[in-house]
Amino acid sequence: MATLPPEAAGDATAKRADLVLEGGGVKGIALVGAAVALAEDGYRFERVAGSSAGALVGAIMVAMQQRGEPMSRVDDIMRTLDYTRMLDRRGAGRAFRWWPAIANGLGIVFNQGMYHGKYLEDWTRGVLRDLGVETFGDLAFPDPGSALDPEQSYRLVVTASDLSRQRLMYLPWDLQEYDVDPDTFPVSRAVRASAAIPFMFEPVTLKGRYGVSTLADGSLLRSYPIEIFDRDDGLPSRWPTVGIRLSSPSNEQELAKPITGPISMILSLVYTTVDSTQVRHVNDPANVERSIFAKPRGIKWTDFDLSADQQQLLYDSGYAAARKWIDEHPDGMHPGVKPERRSHP
């Protein structure tokens, strides 16, 4: 029987931390590289929060860790994801796939998204099932020392945007408010909702107390929920939160990105809104200090035709960024950098 690494076995020498993963489309592979570097340095992740790509990677990470598998296996699993199959059209859009402009328009008009998103949800469900995880009940985290409410005791939290009620959702935390049992809600469905980039992928519907809600990309309202586990009950945090970002600090000069057509315009509008609504809290000096900036260069978050070399480039960029952060924080983060939060973020 193989010896488990400290982060998988719960070794007392492991550096305990909560982990937050930013959304970023196909760039999410960089999150894996960074997480592997942290695990190699002895980190064990008690809870993970993420949005979009961060939700997908985070779900696999917590399932792997709960299963006692080394973090390096997350990379092996992510390499089996066929990004080209994520662009799965249906109905009239599939019939016009040879004419992308028409197919895209039909998908948006009839299905609220160019692509179905079924492949991603099915792939995620299969991977998690093989690791013993199907619903959030499988990721319950009894933690009496936490400042979080008992109904928030899960190892994974993902963000989603409820477009019908114009509000941010934390899944599974907010499901009870909708009269939906969080313990029976599929993790793969939550990941699918968090990754539903507006107009690109069909949104997810949720039937509950308020009627039928339309759930879309969590990055719209909170791409990087770095403060989600912060404590505010006056007690010191038992362990720190570390975040991995796929974007740069706001003071970095960015080159202009040309708008090449209506779809490009729509996506630019979406992500301009995302950045502008989050710049203040993510640029707090304490949040910058506990953030790893794993920004890959030369690859767009919508480059679904990734080659094997590009995937490796993404992984390596995340790994290198985390190693740099580790070298700058040889003793890890002090838990008191940010005061675990009781109230809902």
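In this predicted model, Ser194 lies in helix H8, which spans residues 187–194. Is this serine buried or exposed? Ser194 counts as buried because its relative accessibility is 0%, where the cut-off for burial is under 20%. The side chain of Ser194 also makes a polar contact, reaching the backbone nitrogen of Ser52 at 2.7 Å. Leaving aside residues up to four places away in sequence, Ser194 touches Gly50, Ser51, Ser52 and Ala55, together with Val158 and Thr159, and finally Ala216, Asp217 and Gly218. Ser52 thus appears both among these contacts and as the residue whose backbone nitrogen the Ser194 side chain reaches.

Several of these neighbours lead on to the strands. Strand S4 covers residues 156–162, and strand S8 covers residues 211–217. Strand S8 is mostly covered, with five of its seven residues buried. What partners does this strand have? On one hand, S4 and S8 pair in the antiparallel sense over three bridges, and Ala160 stands opposite Asp217 of S8. Asp217 is also one of the residues touched by Ser194. On the other hand, strand S7, made up of residues 204–208, pairs with S8 in the antiparallel sense over five bridges. Within this second pairing, Gly208 has Gly211 in S8 as its bridge partner. S7 and S8 form a hairpin, with two residues between them.

The second largest pocket brings some of these elements together again. Its volume is about 270 Å³. Of the 17 residues in its lining, Ser161, Leu163, Pro198, Ala216 and Leu220 are the closest to the centre of the pocket. Ala216 is also among the residues that Ser194 touches. Which elements supply at least two residues each to this lining? They include strands S4 and S8, along with strand S6 (199–201) and helix H9 (219–222). S4 and S8, already described as an antiparallel pair, therefore both take part in lining the second largest pocket.

To place these details in the whole, the protein has twelve helices and ten strands. Of its 345 residues, 55% count as buried, Ser194 being one of the buried residues. The protein exposes about 15,200 Å², and carbon and sulfur atoms supply 54% of that area.

Methods
Residues numbered from 1 in each chain as written. Predicted model: local features only at pLDDT ≥ 70, side-chain atom pairs only at ≥ 80, totals over all residues. Heavy atoms only, no water. Buried < 20%, exposed > 50% of the residue type's maximum accessible area, 1.4 Å probe, protein only. Helix = DSSP H or I, 4+ residues; strand = E, 2+ residues; numbered from the N terminus. Pairing = 2+ DSSP bridges. Areas by Shrake-Rupley, 256 points an atom, 1.4 Å probe, with all protein chains shown as cover. Polar contact = N/O pair within 3.5 Å; in protein donor to acceptor, adjacent residues only side chain to side chain. Contact = heavy atoms within 4.5 Å. 1 Å grid on protein atoms, 1.4 Å probe; cavity = no way out; pocket = protein on both sides within 12 Å on 5 of 7 lines; lining within 4 Å. Points joined across faces, edges and corners; volume = space filled by probe spheres on them.
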